[in-house]
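Student: I am new to this structure. Please take one part of it and go through that part closely.

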Amino acid sequence: MRTNFRSWMLALPLTVVLALFLLLPMVMIFVVSFWGATEFSIYPAFQFDNYSYLFGSSVVWSVFASTLMYTIVTWVVTLVVGFTVAYFLAFHIRDTTTQMGLFLLCTIPFWTSNIIRMISWVPFLGRNGLANQALMGMGITDEPLEWLLFSDFSVILAFVHLYTLFMVVPIFNTMVRIDRSLIEAARDNGASGFQILTNVIIPLTKPGIMIGSIFVVALVMGDFITVRFMSGSQSANVGRLISNDIGLLQYPSAAATSVVLLVTVMIVISIMLRFVNIRKEL
Amino acid sequence: MKKNHYSRRSVLAGASAAAVASAFPAPMIWAQEIKDVTLRQIGTGVSAFNEVAAKVKEDLGFTLEMTALDSDAATQRAATQAGSFDIADIEYWICKKVWPTGNLQAMDVSRITNYDKITSIFKDGKLTPDSTIAQGTAPHTVGFVEGPGSAKFADQSSGWMTLIPTIYNADTLGIRPDLIGRPIESWAELLNPEFKGRASILDISSIGIMDMAMVCEAMGKIQYADKGNMTRDEIDQTIAIFIEAKRAGQFRAFWKTFDESVNLMSSGEVVIQSMWSPAVTAVRSRGMECKFQPLKEGYRSWGGGIGLATHLEGLQLDAAYEYINWYLSGWVGGFLMRQGYYSAAPETSKLFMTDDEWGYWFEGKPAQGDITSPQGAVIETAGAVRDGGSFEERMGHVACWNSVMDENQYMVRKWNEFIAA
């Protein structure tokens, strides 16, 4: 009884914090998503207008589609890049000091704010930017490439730049904890380098891959500022729909969109968790 | 009686004196207590300058705290957080949205010393007695209410003002003449395929839709009954024309903030776009050619003013009136005129400008010497003439004002479709 009481008390502070600052706001968002709005105010109601607009509008569907497109492409690219970098750090660098040195090198870009990192691409990729000048100087193109900036390409480039580290860290972390004798055993049993990768390393790195993927998916799906800046406001994702609604005082509509986005992200993540039981693997 | 205790009698006397003082504010008490007053002003970035707050402290003695927001955020604050500001520096179309919330109080014009110097555009919509009133949310249509506490806009000047006008301007397209190389005369040029991939429009729906309407009308594709209050049909057609152009790759980017428009223009990404006057000046000060091109169809105009929060009373309210009277007395006007805006009471501003500055900015005369920005940077040299010419030429050719339409919510949804298309 006493230990029971003590453990309840120990769990209480976190429960209270989560209930007040996570659960309650989410419940509020859910409630407000059924409210109505005028130009300048919101009023309590129980109506499905916000949802029926969301599901009835072809624009919303295409915005969700482009959000998913950004997510999937960014996820694939950050996974390939992140896995390669982590693999190199974990298995090709033998010296721990060099390993940690190179790992810290990866984090240097994170010393500046991510908005600055993002905006610094704009002069680089622009019509008269360095990239185009270099390409034309080398005679690869005659005219500046327009699609380098303010396009889906530049949006995904910025996402990859911003979020690859979130892939590198957890993958690297699980890779260094793989027992090296397993790799030696595989080699002794005649496995080729590729077979070791697919049969030993990748299965054992799955938890890291999943954690990195959850970071990237959640960050990309919830983003609005990268898409706005890097597409020159020409593309939309769900985050921008929400921020537009908030800007125009349409809180109920923003709340409804948030609820749908939240459900979408949770579905995506629960699908991912079907493949790996993170708690067991850790 | 102990020194540090007040007697019941002295407390009572003090309380009644305070009550009398707040009912009949006497100048002596004013001067002593005014220093403790702080007024919090929210507003669109166009007129939030630290120089103004510093000058208020110097001239009037109290503290003015300014918060600069974009138009949408300013609307949001004024409509939903009444307690978070004392003075709202907003545009007239925002006033149309916000006034019904009751968060602003009507102002008694008899307390405004320079009321008669305010230009008539803000009183009856006409620059001169024979000019026609432009379309859209013209400031005089939302500038007055029938009395204190009234939510209904008055048809004519009633003596109770919603906003005291501060600055306004006539906007048009900005161009890079060096990269275009030929004269531009019409709004229709924004969608000219010649500028494919090098055009831009601003992504603020209530202003962007007006620029779109100017373009569609200039192209001869749509005839609007009132550009400032479109029907659903007109909105559909307008957005359809622009979605088609967007899909064809006409636009390089859209911009939402002042800086973005400056960067797009000065980097050469864009050669023709919706623009604001100080942004043109900013591009020029970087050594690039940039012109605020007058167009034959006329200007799209906007006006801003300051409104008082409903909760202001007593000394704070007096300070706010003092601030308004100071605002119209000329120093701020001169300061803002040097940014390329117009002041609501031009003749008082003249006192705070040199003859050359007045000639260049207001009368459209060639500059005699260097024209400098309020911060002291040289922006024009002798011989330069302001784009569009004099005050009368520019403000006399306003085709429409920034607006809020009856179908605003529908328009916003269509605007989101345009952005997502």
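Tutor: What follows is a look at the second largest pocket, with a short note on a pair of strands at the end. The model is predicted.

The second largest pocket holds about 500 Å³ of space. Its lining is made up of 25 residues, and those closest to its centre are A:Y53, A:Q250, A:S253, B:Q409 and B:R413. The elements that each give two or more residues to this lining are, in chain A, β1 (36–37), α2, α3 (58–92), α12 (238–247) and α13 (251–275), and, in chain B, α18 (408–420). Of these, α18(B) gives the most, with seven residues. By type, the lining residues divide into 11 nonpolar, eight polar and six charged. The general idea behind such a search is that rolling a probe the size of a water molecule over the atoms shows where empty space is left.

One of the elements of the lining, α2 of chain A, spans residues 49–56, and A:D49 has its place in this helix. A:D49 is partly exposed, because its relative accessible area is 45%, between the limits of 20% and 50%. The C-alpha atom of A:D49 is separated by 7.6 Å from that of A:F34, although the two residues are 15 residues apart along the chain.

The strand pair belongs to chain B. Strand β10 (residues 199–202) runs parallel to β11(B), and four bridges join them. Within this pair, B:I201 stands opposite B:F254 of β11(B). Strand β11 of chain B covers residues 251–255; five of its five residues are buried, so the strand is largely enclosed by the rest of the structure.

Definitions and conventions:
Residues are numbered from 1 along each chain as its sequence is written. Chains are lettered from A and ligands numbered from 1 in the order in which they are written. This is a predicted model: local features need pLDDT of at least 70, side-chain atom pairs count only at pLDDT 80 or more; totals for chains, interfaces and linings use all residues. Side-chain values use heavy atoms; hydrogens and water are left out. Buried means under 20% relative accessible area, exposed over 50%, partly exposed in between (1.4 Å probe, protein chains only). Two strands pair if DSSP finds at least two bridges between them. On a 1 Å grid over the protein atoms alone, a cavity is a set of points where a 1.4 Å probe fits but cannot get out, and a pocket is an open set with protein on both sides within 12 Å along at least five of seven lines; lining residues have an atom within 4 Å of a point. Grid points are joined across faces, edges and corners, and a volume is the space filled by probe spheres set on the points. Ala, Val, Leu, Ile, Met, Phe, Trp, Tyr, Cys and Pro count as nonpolar, Asp, Glu, Lys and Arg as charged, and the others, Gly among them, as polar.
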